[in-house]
Amino acid sequence: MDEIAKLQNILPIVRRSIGWSAEKLGKRIGVTRQTINNIEKNRNILTKTQYIAIRTVLDAEIEKYPEETEMLKFLLDAFIDNPDSYNKNEKEEILEQIDQVSASIVYGNTSRKKVDSNLVKTILKIGLITLTTVTAASISNYKTKKWLDKILK
């Protein structure tokens with residue numbers, strides 16, 4: 001499965017993990033709320049242009065709020081950029097937890113920062129990543145061009 005299809009499969013969770021409605025994501029990439037809804041429900045296929053636009057706005061969010069986007073970084077790394085680096089069952093367990101709490105972020109019942117902190121604790125607890133990995137990921141610059149180089153090949 002290519003990166004575009006991988007993103008389409010988890011787009012609702014990615015979007016909700018950073019507190020965006022379908023309308024907000026649509027406005028950020030220049031499409032309607034309905035287009036985002038159709039992509040998320042697999043009525044439309046995510047195009048390469050839409051993929052690049054979405055990844056660009058996600059990268060901008062990561063760069064602007066690095067301490068609030070650990071969950072987003074994990075989703076992108078574990079399910080799109082480097083899925084073979086993670087155990088499938090553990091990824092699914094974390095994905096289920098993210099899905100459960102992400103709606104709370106969109107509706108303003110909790111903050112991204114609080115959820116990110118709890119998620120990192122859970123990931124560490126099950127041993128999916130190590131404290132060294134989390135610290136390195138938090139400190140280092142998120143590599144924005146790596147995914148772009150891959151998709152433009």
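Are Phe74 and Phe79 buried or exposed? Both Phe74 and Phe79 are buried, where buried means under 20% relative accessible area and exposed over 50%, with partly exposed in between (1.4 Å probe, protein chains only). The model is a predicted one, in which local features need pLDDT of at least 70 and side-chain atom pairs count only at pLDDT 80 or more, while totals for chains, interfaces and linings use all residues. Residues are numbered from 1 along each chain as its sequence is written, and side-chain values use heavy atoms, with hydrogens and water left out.

Confidence comes next. The mean pLDDT (the predictor's confidence in each residue, from 0 to 100) is 82 for the protein, and 78% of its residues reach 70 or more. Among the elements, α3 has the highest mean pLDDT, 98, and helix α8 (residues 131–139) the lowest, 42; helices here are DSSP runs (H or I, at least four residues), numbered from the N terminus. Over residues 130–142 pLDDT stays under 50, and the model has 14 contacts beyond four places in sequence for them, a contact being heavy atoms within 4.5 Å.

Now to the interior. The largest nonpolar core, a set of buried Ala, Val, Leu, Ile, Met, Phe, Trp, Tyr and Cys residues joined through side-chain atoms within 4.5 Å, has 34 residues, and those with the most contacts inside it include Leu25, Leu75 and Ile98. Helix α5 gives the most to this core, with eight residues. Eleven of the twelve residues of α5 (residues 70–81) are buried. Beyond four places in sequence, Ile98 touches Ile13, Ser17, Met71, Phe74, Leu75 and Leu119.

In helix α2 (residues 22–29), the buried residues are Ala22, Leu25, Gly26 and Ile29. They lie on the same side of α2 because they cover an arc of only 100° around the axis, taken from the directions from the helix axis to the C-beta atoms. These buried residues pack against α1 (3–17), α3 (33–40) and α4 (48–64).

The aromatic rings complete the picture. Two aromatic pairs are found in the whole structure; rings of Phe, Tyr and Trp (its six-membered ring) pair if their centres lie within 6.5 Å, and planes under 30 degrees apart count as stacked, over 60 as edge-to-face and the rest as tilted. Phe74 and Phe79 form an edge-to-face pair, 6.4 Å centre to centre with 85° between the planes. The ring centres of Phe74 and Tyr86 are 5.6 Å apart and their planes stand at 90°, so this pair is edge-to-face. Ring pairs thus link Phe74, Phe79 and Tyr86 into a cluster.

Terms used:
Helix = DSSP H or I, 4+ residues; strand = E, 2+ residues; numbered from the N terminus.
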